[in-house]
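Visitor: Pick one small part of this model and take me in for a close look, please. Start with whatever term I need, then work outwards.

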Amino acid sequence: MFGGASDTRGSLGPSDGRRLVLVTLYGGNDGLNTLVPYENPKYASGRGSLALDPSTVLPLGDGYGLHPAMPGLKALWDAKKLAIVQGVGFADPNYSHFESMDIWQSGVPSSSVSTGWLGRWLDADGASPLRAVGIGPTTPVLLTGEKVQGASIPAGPLVLPGSAPEQALYSSLAGTTMGEALLLSQAAQSNADLLVVDHQLGPILDRTATSDPLHLKGSASSSTSQASGALAIANGGGGLSSPDVLATQLSIVANLILAGAPTEVYSVELGGFDTHADQAPTQITLLGELSTGVSAFVDALGADPRGRQTVVVVYTEFGRRVTGNASAGSDHGWANMVFVAGDPVRGGWYGEPPSLSTLSDGNLVFTTDFRSVYATLFDQILGVDPSTFLQGRFPTMPFV
């Protein structure tokens, strides 16, 4: 579950307080019914029965509106704390959940690599395992480096495996000796990293186990077993997650940030967006949870100087086809949008909207390379040269 160097670098967070929270939507969210071009006549004609009633959308201006289940994100837009990057994708797209998500998480569309775009950042300086943390049962590819991985912590109390006597042995197993075999050294390092996470994050998680920083009744108090089950569904990309799964994760992240945890990057996730059938009720549920969780998170952190510099980025592996299918759903497509929210965000439109008049195989064609989003995050949030980690240079955008 843990890997990398044991350098703890003290207990303070980033010097300028900026933190990044990535929200991965597994399954390929239908962007056309999330950010709705309701004033474009080709939207209604192209979508057919899948089109939303224009009178129900939440207008943003310029002919676009949000899905009616997203009043929280609409409030962030009105407060100029929400940026929307349109037409995001990559060349030569495909319809595979796994390949497309691997491209998004690796940051490399042209070849298969085992490291994530943030994993390579962790590799660059042998970072502490606390520098990047994922909430859930497994470490996502995006936090996986060649030598260093981010930490993965459960959606509940952090408890070391084994009985009390067995837990006491971790310290003795965490030491290394000169000339030790590589595999033994790596195992010792893994144990050392586990202890770092346990010692620094464990007390915070214990202390805040019943707190509700997002003020969403029932979210932070969801049972560990229920939250873990929902996260397992989300991580696999299929099925509908249990209620409050995203709010539970974001509540944990908020508690860690507000308690002064040293982590600079957090990863959370929500699954169930593969809406081949009966899309409307599924989107109402999932987009409502996304909107409520993200807006409450931004509001909670914006009220505290320790969290005010946090930026939330929401993405999914691909969009859906313009035309609905015979099962009241939508099939895998191409280009989509990315949401960027938080107090440091310069709210508004970014990127070029994909054309509904010029489709390719019935799909929206990307206009903004997803690596431009990553380049901006590296440059403005993490304060490093993006080209080092993205295998090239990509234009940044002024959304933060």
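Guide: First, the term: a residue is buried when its relative accessible area is under 20%, exposed when that is over 50%, and partly exposed in between, using a 1.4 Å probe and protein chains only. Ser-267 is our spot, and at 2% relative accessibility it counts as buried.

A word on where all this comes from. The model is predicted, with local features needing pLDDT of at least 70 and side-chain atom pairs counting only at pLDDT 80 or more, while totals for chains, interfaces and linings use all residues. Residues are numbered from 1 along each chain as its sequence is written, and side-chain values use heavy atoms, with hydrogens and water left out.

Now the wider setting. Helices (H or I, at least four residues) and strands (E, at least two) are DSSP runs, numbered from the N terminus. The protein chain has twelve of each, and 56% of its 400 residues are buried. Contact means heavy atoms within 4.5 Å. If you take the chain's contacts between residues at least 6 apart in sequence, 74% of them join residues at least 24 apart.

Back to our serine. Ser-267 sits in strand S8. Setting aside neighbours within four places in sequence, Ser-267 touches Leu-22, Val-133, Gly-134, Ile-135, Pro-140, Leu-142 and Leu-143. Let's follow some of those names to the strands they belong to.

Start with Leu-22, a residue of S1. Two strands pair if DSSP finds at least two bridges between them. S1 (residues 19-25) and S8 (residues 265-270) manage six, running parallel, with Leu-20 opposite Val-265 of S8. S1 also pairs with S9 (residues 310-316), again in the parallel sense, over seven bridges. One of the pairs there is Arg-19 with Thr-310.

What about the two faces of S1? In a regular strand the side chains alternate between the two faces of the sheet. In S1, Arg-19, Val-21, Val-23 and Leu-25 point one way, Leu-20, Leu-22 and Thr-24 point the other way, and all are buried. With seven of its seven residues buried, S1 is therefore largely enclosed by the rest of the structure.

Next come Val-133, Gly-134 and Ile-135, which take us to S6. S6 is covered on both faces: Ala-132 and Gly-134 on one side, Val-133 and Ile-135 on the other, all buried. S6 and S8 pair in the parallel sense through three bridges, and Ala-132 has Val-265 of S8 as its bridge partner. So Val-265 turns up twice, opposite Leu-20 and as partner to Ala-132. S6 is joined to S7 (residues 151-153) as well, by three bridges with the strands running parallel; Gly-134 partners Ser-152 there.

One more layer out, we reach helix H4 (residues 117-124). S1, S6 and S8 are among the elements covering the buried residues of H4, along with H3 (97-106), H11 and H12 (387-390). Those buried residues are Trp-117, Leu-118, Gly-119, Arg-120, Trp-121 and Leu-122. Because six of its eight residues are buried, H4 is largely enclosed by the rest of the structure. Just past the helix, Gly-126 takes a positive phi of about 55°.

Have a look at H4 against H11, too. Axes here are lines fitted to C-alpha atoms, for helices over the stretch in contact, and angles run from 0 to 180 degrees between N-to-C directions. The axes of H4 and H11 (residues 370-382) come within 11 Å and cross at roughly 40°. Angles under 35 degrees count as roughly parallel, over 145 as roughly antiparallel, 65 to 115 as roughly perpendicular, and the rest as oblique. H4 and H11 are therefore oblique to each other. A crossing is right-handed if the near helix is turned clockwise from the far one by less than a right angle, left-handed if anticlockwise; H4 passes H11 in the right-handed way. Trp-117, Leu-118 and Trp-121 of H4 make the contact with Tyr-374, Leu-377, Phe-378 and Leu-382 of H11. By class, that contact has seven nonpolar residues, no polar and no charged. For the classes, Ala, Val, Leu, Ile, Met, Phe, Trp, Tyr, Cys and Pro count as nonpolar, Asp, Glu, Lys and Arg as charged, and the others, Gly among them, as polar.
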